[in-house]
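Subject: Structure handover

Hello,

Here is the structure I promised to pass on. Please open it first, then read my notes below.

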Amino acid sequence: MKKLQNFINGVYCPPASGKYFDNYDPSTGEVYSLIPHSDCEDVSCAVSAAEAAYPIWSAMSVEERSRILIRLSVGIETRMEEFVAAESRDNGKPLSLAAQVDIPRAISNFHFFATAILHFASESHYMEGVGVNYTTRKPIGIVGCISPWNLPLYLFSWKIAPALAAGNCVIAKPSEVTPYTAYLLGKVAQEAGMPQGVLNILHGMGAQVGDAIVRHPKIKAISFTGGTKTGEYIAQTAGPMFKKLSLELGGKNANIIFADCDFDEMLSTTMRSSFANQGQICLCGSRIFIERPLYKRFKQAFVEKVSRLKVSFPADPEAKLGAVVSKPHMEKILSYIALAKEEGGTVLTGGHRVLLKPPYENGYYVAPTIIEGLEYTCRTNQEEIFGPVVTITPFDTEEEALKMANSTEYGLAGTVWTSNLKRAHRVADNLQAGIVWVNAWLVRDLRTPFGGMKSSGIGREGGWEGLRFFTEAKNIFIKS
Ligand code: NDP
C-alpha cells in the first residue's frame with residue numbers, strides 16, 4: 001500500500017510518530033493509500049526548516065521568486081494527467097471536472113501570483129509642506145496555510161502561491177480526506193528549484209497537526225479555508241496570540257431568479273451552480289428563490305433536467321456527478337434529506353444514495369436532490385449541507401426574496417437573474433454576500449476580492465488583497 005510522506009526541508013520524510021492512517025477512494029469505498037499521522041513534532045521540524053530558509057527566500061529578488069513559481073506552475077502542467085487522476089481518485093469528482101477545473105486552476109494560481117508579485121506596489125502619501133509618508137510591505141515570516149477537501153489542489157495553491165510570492169516560508173496542510181495532489185506537489189517544488197525549507201507540506205488530522213500549526217508561536221499568520229465551526233476554533237486559538245488571520249468559511253448561498261430573466265441561460269447555469277462537484281463548492285447556490293409567475297415552469301424544467309443527470313464513477317466520461325468525498329459526509333447529506341422531510345419538505349427528485357455496479361457498489365454516491373415546500377427559516381434552509389441538495393421556494397416581491405436570502409448566518413456568495421438593470425444593481429447591492437454574480441455563476445477573475453461576510457469569514461483572498469494579507473505594512477514618514 002502506497003504510503004504518502006510529509007515534505008519538509010525539500011525532501012520527503014515519514015511522520016515523527018511513524019504512524020499512518022487510511023486514505024479512502026470515495027468511488028469504491030476502498031482504502032488505497034496511507035496518510036502520515038503528523039503531530040507537533042513534525043510542525044517543529046518544518047518550522048526549523050522554514051526559519052533557516054527565510055533569510056534566503058525573503059532576500060531573493062522578486063524576479064527570481066517569480067521564475068521559481070512559474071516553474072512550479074509549468075511543472076504541474078507537465079504532469080497534468082498524473083495530477084488529474086490523483087485529484088479525481090482522492091476526491092471522487094468526475095475525471096473531466098478535475099481536468100477542466102481543478103488542475104488548470106491550480107496551475108493558474110501559481111502563474112497568477114508569480115506574475116502579480118512583479119507588479120505589486122505600495123502606497124505613498126504626500127503632505128503638502130510637511131513631508132511624505134511611504135509604506136513598505138515586507139513578508140511576514142513563516143505562515144500557515146490550511147485547506148479543505150472540496151477543491152483540494154485548487155484551494156491549497158490559492159493560499160500558498162501568494163504566501164510564497166510575497167516572500168514568506170510556508171507550513172501547509174491539505175485536508176486529511178484529500179492529501180494526494182498536495183503530496184505530489186513536493187516533487188514539483190524540488191524540480192522547480194524551490195530552495196529547501198521554503199515550502200513544507202504536512203499531512204494528518206486537523207485536530208493534531210492542524211492545531212499544532214495554529215498554535216506554533218513562530219507561525220505568524222494563518223490562512224484557513226474550511227467550515228465555520230473550525231474557523232471559530234482557530235480564531236479562538238490564534239486570536240490571543242495576535243496572529244494575522246484570513247478565514248474563508250461556510251456558506252448557504254441564495255439564487256434569486258426573477259421572471260424576466262433569460263430562462264434557458266438561467267436554467268443551464270442553475271444546473272451547474274446547484275450540482276457541480278456534487279454540490280461541494282462553497283459557491284454553489286443551495287437555496288433557489290423563484291419569482292412566482294415563473295415558479296411552475298422553472299420547477300418542471302429543472303426537475304426534468306436534474307432527474308436525467310448521470311451519477312457515475314469518476315472515470316465515466318458521461319458522469320455529471322461523481323462520488324461525494326467520504327462516507328461520513330454522505331451520511332451527513334442523507335441525514336439532511338431526512339430532516340427536510342421531517343420539516344415538511346417534498347422531494348421532487350433524488351433524495352437517496354445511488355448504488356452502482358461492482359466494483360463501485362460501496363462508493364459514496366448521492367442522487368441530485370430538489371426539495372420544495374419548506375419554510376425559509378427551517379434548519380434545511382439555514383444550515384450548510386454541502387452536497388447535491390437544493391431547495392426551491394417561490395417569492396412575490398423583491399423585498400421578500402431579499403429577506404429570505406439574507407436570513408442565514410452566512411454571507412459568502414449569491415446569484416441574481418433578471419434583465420432589469422436597475423433591479424440587478426439594487427438586489428446585488430442589498431444581498432448580504434461577499435461575491436454576487438448577475439446572470440452568471442462562478443465567473444472567476446483572480447484579481448478580484450474573494451471571501452464572505454457574516455459567519456462566512458474574515459478577510460479577502462485574491463489579487464492585491466492576497467498579497468497584502470501575506471505582508472506586513474510599515475509606514476515611514478520623512479519631514480520635508
Ligand atoms: P473543515 O473545517 O473540517 O477542515 C478544513 C481544514 O481544516 C482541513 O485541512 C482540516 O483538517 C483542518 N482542521 C480541522 N480541524 C482543525 C483544527 N482544530 N485546527 C486546525 N485545522 C483544522 O472543513 P472541510 O474540509 O470539511 O471543508 C468543507 C468546508 O469548507 C465547508 O464548510 C465549505 O463551505 C468550506 N469552504 C469554504 C470556502 C470559502 O472560500 N469560503 C471554499 C471551500 C470550502 P482535516 O481534514 O484533517 O480535519
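Helices here are DSSP runs of H or I with at least four residues, and they are numbered from the N terminus. Keep in mind that this is a predicted model.

**The ligand and its shell**

Start with the ligand. Which helix gives the most to the shell around it? Helix 7 does, with four residues. Helix 7 covers 206–215. Strand 11 (219–225) and helix 8 (228–238) are also suppliers, and each of these three elements provides at least two shell residues.

There are 32 residues around the ligand. Those that come nearest are E176, T230, L249, C282 and E384.

Some contacts use the protein backbone. At S147, a backbone N or O atom is 2.7 Å from an oxygen atom of the ligand. G227 has a polar backbone atom 2.8 Å from a ligand oxygen. For G204, the distance from a backbone N or O atom to an oxygen of the ligand is 3.3 Å.

How much of the ligand does the protein bury? The ligand exposes 900 Å² when taken alone, and the protein buries 88% of that. As for the site, the ligand takes up the space of the largest pocket.

**The sheet with strands 6, 7 and 25**

Next, look at an open sheet made of three strands. The order is 6-7-25, and the pairing is antiparallel. Its edges are strand 6 (124–127) and strand 25 (471–479), each of which pairs on one side only. From one strand to the next, the twist averages 20°.

Strand 7 spans residues 131–139. Nine bridges join strand 7 to strand 25, and the two run antiparallel. To find the pairing on screen, go to G131: K479 of strand 25 stands opposite.

**The sheet with strands 1, 5 and 4**

Another open sheet has three strands in the order 1-5-4. Here the pairing is mixed. Strand 1 (2–3) and strand 4 (20–25) are the edge strands, and each pairs on one side only.

How many bridges join strand 4 to strand 5? Six do, and these two strands run antiparallel. Strand 5 takes in residues 30–36. One facing pair to look for is D22 and L34, with L34 in strand 5.

**Two backbone details**

Two loops deserve a look.

The first is at P359. This residue lies in the loop between strand 16 (353–354) and strand 17 (365–366). Is the peptide bond from P358 to P359 cis or trans? The bond is cis, with omega near 5°.

The second is at F242, in the loop that runs between helix 8 and strand 12 (244–248). F242 is not a glycine, yet its phi is positive, at about 55°. Helix 8 is also one of the elements that supply the ligand shell, so you can reach this loop by following on from there.

Best wishes

How values were computed
Residues numbered from 1 in each chain as written. Predicted model: local features only at pLDDT ≥ 70, side-chain atom pairs only at ≥ 80, totals over all residues. Heavy atoms only, no water. Pairing = 2+ DSSP bridges. Axes fitted to C-alpha atoms, helices over the stretch in contact; angles between N-to-C directions. Near = heavy atom within 4 Å. Polar contact = N/O pair within 3.5 Å; in protein donor to acceptor, adjacent residues only side chain to side chain. Areas by Shrake-Rupley, 256 points an atom, 1.4 Å probe, with all protein chains shown as cover. 1 Å grid on protein atoms, 1.4 Å probe; cavity = no way out; pocket = protein on both sides within 12 Å on 5 of 7 lines; lining within 4 Å. Sits in = over half its atoms within 2 Å of the grid points.
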